[in-house]
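Here is a short report on one protein chain. Look at the fold as a whole, then follow a handful of residues through it.

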Amino acid sequence: MFETDYNNEIHSSNVSLTNTNISVFDYVQKLIKLPELTTDMWTEECIKILEDYLSSNQQKLLIVYVDPDNSSLQLLHTIPLTTIFNNLNHSLCYFIRRNDAIDVITSIDEFLKHIRFGYINGKSISCITAFVSTLFEPLFMNNTIVQDMIKNDFVSELNQFLAIFYERQYKDKSSMTYLFIPKDGLDKTIEELIKDKAFITRSEAVMLKWHHQLKNILLIQDRLMSIENQLTGIHEEIHFWQDCLTDLHNICKQLQRTELQTIIQVLIISKSAYIQQFLQVEKEIQSFTEYVEDCLKFLKLLAEPSLQLNDAPLEQLKPLIVDIFYRILIAWHNSKFFAIPERIKLIISKINNQIITRCSRSINIENLFQGYVLSTQNILQECFQIIDIYMDTCLYILNMHDKHSNKPLMLNNFHKDDIFHSVQLFQQRLNEIYEICECMIIFGWYRNGQKENLPLFSGIQGNEYQRTLENSQQAFDRTLYLLKRHSKYMLDISTNASSIWSQELKRFFESIHEIELIIVKLINEAITKAITIEQMIDILEIFVNFQSRTIINHILIDKTRDIYRLFLSEIEDIQTQIAAHQTLDDMKNTKNIFDLFLPHYSAKAMWIRSLIKRITKNYNLLNESSNLPDLIQQNDIKFAYEKFLTFVDNIEKRIYQEWWLLASELQPKKLLQKPFLKENIENKYFIDVYFDPQIILALNESLWWIRLNYEIPFSLTDVYNTRKSFRQMREETNEFIRKYNKIIDSLHGQELCLFEEHIRTIIKKLQPGFLGKVNYINENSFHDFASEANRIIDQLSDIVTSFKENYVKCSMKCVNISQQLFIETDAGIIFNFSTFIESLKSVNRVSQYLIHEMYEDIAVGIHIQQVIFKDNSDKILQCWDHWLSSIDCMFEKALLVNVTNSLEQLSYIINGDFQTIPTPFLNIELCLTTNETTSGSLKYTLTFRPSLEELTENLNAISEINLTESIQHFTRLCDLFSYYSFQRE
């Protein structure tokens, strides 16, 4: 509604002025009545703007409104164009100052006299239209002063203005076409209007406007021929034609209005040049209305199934499409409107749009760029199924219809690509998105919402390869980010969007090509460094996901061929190697190939088996690597492998036959009856264990041939079955012989002579083993023999061990004797003479006591050893005396070292050494003595106490007499324990 007042009287009637004490500011503030206005919106800034407007003549206009965006009060001195032309539904208040207005408004009367104000409530266009039609037109037309010619010109322009604004108003309000009918002349009769040439001229202008409006309505028919840029479905199409039909009915009602018919009658009578065109268009409108009604009738047949098409499950999709196209064919045969193939094509395009919309709605582009690639691929696969089902079903129905109908639809009208052009474009777009998903999986290692860990490379350069793969992944992420910025065009198949998307997709695939070249270089380097087939396969398995990329797939195929060639070359090398060593008689060549500890024939068979195992392992790796590219060479390696197995099987069987012949001639039981002990030729008293090597070799051969799943000769069966008992007996023999040899090895020189009689006793008791009276055939007698041998050898071992330990003890005692000095004193201490002499004697007594105890221990140990050999022969007793002499010499040397070190200790205290000067160790008193001379007088002399003579005498006595006495009471060991007298100094 538009409200405005132009004089003070009207203002006085609308605004209560009972309170004459109200200020002009408060009065104006109360005049501003807007629906959205609240008291809180009056900020200090708004109050200041209103006060400045009332107190200054600089601004002529003030507009007041509430901004709907931020709910704030706005006071402007210019018209808010965005508010008016956006046609927003809100109100505003305006104030206009007269040109002759005073500068400062101080009272309400001055305000009403010098300022015009009013309100605009509702939309701007409707307000302006009402303002012009209800105010300006009556005022101007009722003015008698204005000339008729001016009025005619004004009314003509006014009619054009109102026709445009009414049309816009009705379009915005209800999307209806409004035929504007002027109000001037409607109060006159037709006869009067015929005579009014100006009215006829104005009516023709208005009628031309009607003609233009109706022609625009008829142009809607051309929309049916345009399929491009139509992204609506059946329901949107029904709504469109429903609105169109409503508009046509409204136009028909307007055409029946009396005022409009009067104008038509006047123009017909006046024989207007434009009336026939208008009447023709009027008939076309009526005809078009019938067509639209027919169109809606058959479109509504598609409403329900097309609505179900949006959410129908995949298994129900085909019957639903069949139902929809049956209804389309019903329209083709029965509808006047859809009797044109292009209009049927339009309906099919709407179904295409619904299929596209359904698929687009299910695809979440944002999730795709967040890494949910697998789920997006599943959705894309479902979309592909939907499109394939849709196109196949449609073509089947249409082809069957054309085949059996007298009114074919596709034949000579359009092709498959014409019908499904938009669907095919969308399908191509989905293929592009699917390829992007594959690139994200391959180069970005994306899965569902996260990235997979990059594979690890083995070897020294594994870290370098890892960094290269990481760099390629980062490069892909950068490329993907650039593509994401244009993701809004991914599902848009319009011309402009397709152009932008094509450019971005081209750039994306160029970057992918660069990344592919990096991956190809990485594969080449990694395969070149690999040595074994397993390493090469492991590397190719890392890049197996890259097979969908053509460039990378070519290099994978080349490297797979290299692996196959390497496998074939390994087979050839092994065949050559086996063929070069088929002559088993050449033991020299055999020793170069086989370990000497392995049996000869079965070892070669095992060697061949190991080669087979190696080849089989590589062959299985190639067969189990299902991700490798399929090549013709696979048949070649299968044939070569089978041929290789046949070759090595024949070689193995020939080796087995040769061994069988040799093993059959062997008589193992006779060999086992041979003596199992023999004397060592090189070392006296040593014994060796003898076990016939032919039996050992035969048993080893039998063991490995059985492990190779072959039979052994009957002559070896009993021996092989009892091999564990033979092994046990051999180990028992080795055990006691090893102990015996260890004892012999520990005896040296005189020791071996001492124990010669014991050794001969043991060898005598082992004679059954040397003579073969005891052998491995009779197990019970062998165990008795082994037990007795262990017993006597253990006895000898205990005796020898005790002898050795006692000798070590004697040696240690002698070392201790040599270190227990007879003379020893602390350096750095200064003694009195008496104290010094007493200290030396005390040390000497202690040393004598300790050395005597150690001497007694040595004598006890020798006596114990003497008991062992007392009943032996003279030769042994002489050996004993020689051994005892070595102990006696050791004891003698210990005493000699002790005496020598004691004297050196005393010499060091007195004289020092060649590096240091002697240190004081003794207090010497200087005494003044009186002596009476012969003459009876006293003589005074200075003397030392002790005197040098006394000091020399005491030190010599210690070194000569005391040391001699310290050792003279020891009896020589030879004198105590020898069997024969010794002549020693």
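Among contacts in the chain with a separation of 6 or more, 74% join residues 24 or more positions apart. The model is predicted. Its chain has 985 residues, and 43% of them count as buried. The secondary structure comprises 39 helices and nine strands. About 54600 Å² of the chain is exposed, and carbon and sulfur atoms supply 52% of that area.

**Pairs that are apart in sequence**

The table lists four pairs of residues. Each row gives the separation along the chain and the distance between C-alpha atoms.

| Pair | Separation in sequence | C-alpha distance |
|---|---|---|
| Asn898 and Val815 | 83 residues | 9.8 Å |
| Asn334 and Asp294 | 40 residues | 9.8 Å |
| Arg478 and Ser511 | 33 residues | 9.7 Å |
| Ile637 and Tyr619 | 18 residues | 8.1 Å |

Take one residue from each pair. Asn898 sits in helix α37, which covers residues 874-911. Its relative accessibility is 0%, so Asn898 counts as buried.

Asn334 belongs to helix α15, residues 317-334. Is Asn334 buried or exposed? Asn334 is exposed, because its relative accessible area is 52% and the cut-off for exposed is over 50%. The side chain of Asn334 also reaches back to the backbone oxygen of Ile330, at 2.7 Å.

Arg478 is part of helix α21, residues 462-484. Arg478 has a relative accessibility of 52%, so Arg478 counts as exposed.

Ile637 lies in helix α27, residues 633-664. With 2% relative accessibility, Ile637 counts as buried. What does Ile637 touch, leaving out residues up to four places away in sequence? The list is Tyr564, Phe567, Leu568, Tyr619 and Leu622. Tyr619 is also the partner of Ile637 in the table, at 8.1 Å from C-alpha to C-alpha.

**A buried arginine**

Arg429 is found in helix α20, residues 421-442. Is this arginine, Arg429, buried or exposed? Arg429 is buried, because its relative accessibility is 6% and buried means under 20%. The side chain of Arg429 reaches the backbone oxygen of Tyr489 at 3.0 Å. Tyr489 is also among the residues in contact with Arg429 once neighbours within four places in sequence are set aside. The others in that list are Met490, Leu491, Asp492, Ile493, Ser498 and Trp501.

**Two helices and the loop between them**

Two packed helices are described by the angle between their axes and the distance between the axes. Helix α12 spans residues 258-269, and helix α13 spans residues 275-299. They pack at an angle of about 135°, and their axes are 10 Å apart. That angle makes α12 oblique to α13. Which residues meet here, in α12 and α13? From α12 come Gln261, Ile264, Leu267 and Ile268. From α13 come Ile275, Phe278, Leu279 and Glu282.

Lys271 is in the loop between α12 and α13. Its relative accessible area is 73%, so Lys271 is exposed. Lys271 is a residue other than glycine, yet its phi is positive, near 55°.

Ser71 has a positive phi too, of about 50°, and Ser71 is not a glycine either. Ser71 lies in the loop between strands β2 (61-67) and β3 (72-76).

**Cysteines without a bond**

A disulfide is a covalent bond between the sulfur atoms of two cysteines. How many disulfides does a search of the whole structure find? The search finds zero.

Cys814 shows the reasoning. The closest cysteine sulfur to that of Cys814 is in Cys810, 6.8 Å away. A disulfide needs the two sulfur atoms within 2.5 Å, so 6.8 Å is too far for a bond. Cys814 is buried, because its relative accessible area is 4%.

Cys252 gives another accessibility value. Its relative accessibility is 22%, so Cys252 counts as partly exposed.

Technical notes: Residues are numbered from 1 along each chain as its sequence is written. This is a predicted model: local features need pLDDT of at least 70, side-chain atom pairs count only at pLDDT 80 or more; totals for chains, interfaces and linings use all residues. Side-chain values use heavy atoms; hydrogens and water are left out. Helices (H or I, at least four residues) and strands (E, at least two) are DSSP runs, numbered from the N terminus. Buried means under 20% relative accessible area, exposed over 50%, partly exposed in between (1.4 Å probe, protein chains only). A polar contact is a pair of N or O atoms within 3.5 Å; within protein, one must be able to donate a hydrogen and the other to accept it, and residues adjacent in sequence count only if both atoms are side-chain atoms. Contact means heavy atoms within 4.5 Å. Accessible areas come from the Shrake-Rupley method with a 1.4 Å probe; for residues, only the protein chains shown count as cover. Axes are lines fitted to C-alpha atoms, for helices over the stretch in contact, and angles run from 0 to 180 degrees between N-to-C directions. Angles under 35 degrees count as roughly parallel, over 145 as roughly antiparallel, 65 to 115 as roughly perpendicular and the rest as oblique.
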